[in-house]
Amino acid sequence: MMKKLMIVALVILVVGASAQQKPLDMWGMFTKTRFVEKLNREFGMYFLYPIFPDELKAMEGKEVSVTGFYIPLDMSTSNYAVLSKFPNAECFFCGGAGPESIVVAYLKKKPTKRINVDEIITIKGKLKLNDSDIDELNFILLDAEITN
């Protein structure tokens, strides 16, 4: 009887631990991306182009969540949000961070509440990787929604 009870307890422990898996660190995944400087003939300028790691490529098209600092953009006329790994003063656009520290999310619907600068939010969406369109960010969430 005691042996059966121990086995049941062990099964419950294993199932419980697996159900509480730590969420995937997307910023850590994005950081594994290497960037190379290449000449863009259309603009006659050098730009950074990403080389995505295989583990990140395998996640393309899958739903992921990213938590970060809201970067202020005019969302009253659009349905997208930009998140940064760092606060506004240190973000890619304003500070010294790299392109691996920002993600754009194209939201299914506009937020129902105003989002403040540097407010920490979580967005869930399907991951798209961009390695060629210089008018777009490298990390994109499609069909996205704010989950907090």
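1. Aromatic pairs. The structure, a predicted model, holds five aromatic pairs. One of them joins Trp 27 and Phe 30 in an edge-to-face arrangement, with 5.7 Å centre to centre and 85 degrees between the planes. Both residues belong to helix α2, three residues apart, which is about one turn of the helix. Trp 27 is buried, and Phe 30 is buried too.

2. A pair with partly exposed rings. Phe 43 and Phe 47 also pair edge-to-face. Here the centres are 6.1 Å apart and the planes meet at 75 degrees. Are these two rings buried or exposed? Phe 43 has a relative accessible area of 43%, so it counts as partly exposed. Phe 47 comes out at 23%; the cut-off for buried is under 20%, so Phe 47 is partly exposed as well.

3. Aromatic cluster. Trp 27 and Phe 30 are also part of a cluster. Phe 52 and Phe 139 complete this one aromatic cluster.

4. Surroundings of Trp 27. Helix α2 spans residues 26-31 and includes Trp 27. The relative accessible area of Trp 27 is 10%, so the residue is buried. What does Trp 27 touch beyond its neighbours within four places in sequence? Its contacts include Val 66, Thr 67 and Gly 68. Leu 83, Ser 84 and Lys 85 are in contact with Trp 27 as well. So are Glu 100, Ser 101, Ile 102 and Val 103. Ser 101 is 74 residues away along the chain, yet the C-alpha atoms of Trp 27 and Ser 101 are separated by 6.9 Å. There is a polar contact too: the Trp 27 side chain reaches the backbone oxygen of Thr 67 at 2.6 Å.

5. Ser 84. This residue sits in strand β4. Its relative accessible area is 0%, so Ser 84 is buried. Where does a polar atom of the Ser 84 side chain find a backbone oxygen? The backbone oxygen of Phe 86 lies 2.7 Å from that atom. Setting aside neighbours within four places in sequence, Ser 84 is in contact with Trp 27, Gly 68, Phe 69, Ile 71, Cys 91, Ser 101 and Ile 102.

6. The barrel. Five strands form a closed barrel, in the order β3-β4-β5-β7-β6 and with mixed pairing. From one strand to the next the twist averages 50 degrees. Strands of a sheet pair through backbone hydrogen bonds, either parallel or antiparallel. Strands β3 (residues 63-71) and β4 (residues 80-84) take the antiparallel sense, over three bridges. Ile 71 stands opposite Val 82 of β4.

7. Nonpolar cores. In soluble globular proteins, nonpolar side chains tend to be buried together. The largest nonpolar core here has 23 residues. Which of them touch the most other members? They are Met 26, Phe 30, Leu 56, Ile 123, Leu 127 and Leu 141. Elements giving two or more residues to this core are α2, β3, β4, β5 (102-107), β6 (120-129) and β7 (139-146). Apart from this core lies another, of seven residues, including Ile 71, Val 82, Ile 102 and Ile 140.

8. Ile 123. This core residue has many partners to inspect. Beyond neighbours within four places in sequence, Ile 123 is in contact with Val 64, Ser 65 and Val 66. Ala 81, Leu 83, Ala 105 and Leu 107 are further contacts of Ile 123. Leu 141, Ala 144, Glu 145, Ile 146 and Thr 147 also touch Ile 123.

Terms used: Residues numbered from 1 in each chain as written. Predicted model: local features only at pLDDT ≥ 70, side-chain atom pairs only at ≥ 80, totals over all residues. Heavy atoms only, no water. Pairing = 2+ DSSP bridges. Helix = DSSP H or I, 4+ residues; strand = E, 2+ residues; numbered from the N terminus. Axes fitted to C-alpha atoms, helices over the stretch in contact; angles between N-to-C directions. Buried < 20%, exposed > 50% of the residue type's maximum accessible area, 1.4 Å probe, protein only. Contact = heavy atoms within 4.5 Å. Polar contact = N/O pair within 3.5 Å; in protein donor to acceptor, adjacent residues only side chain to side chain. Core = buried A, V, L, I, M, F, W, Y, C linked by side-chain atoms within 4.5 Å. Phe/Tyr/Trp six-rings, centres within 6.5 Å; stacked < 30°, edge-to-face > 60°.
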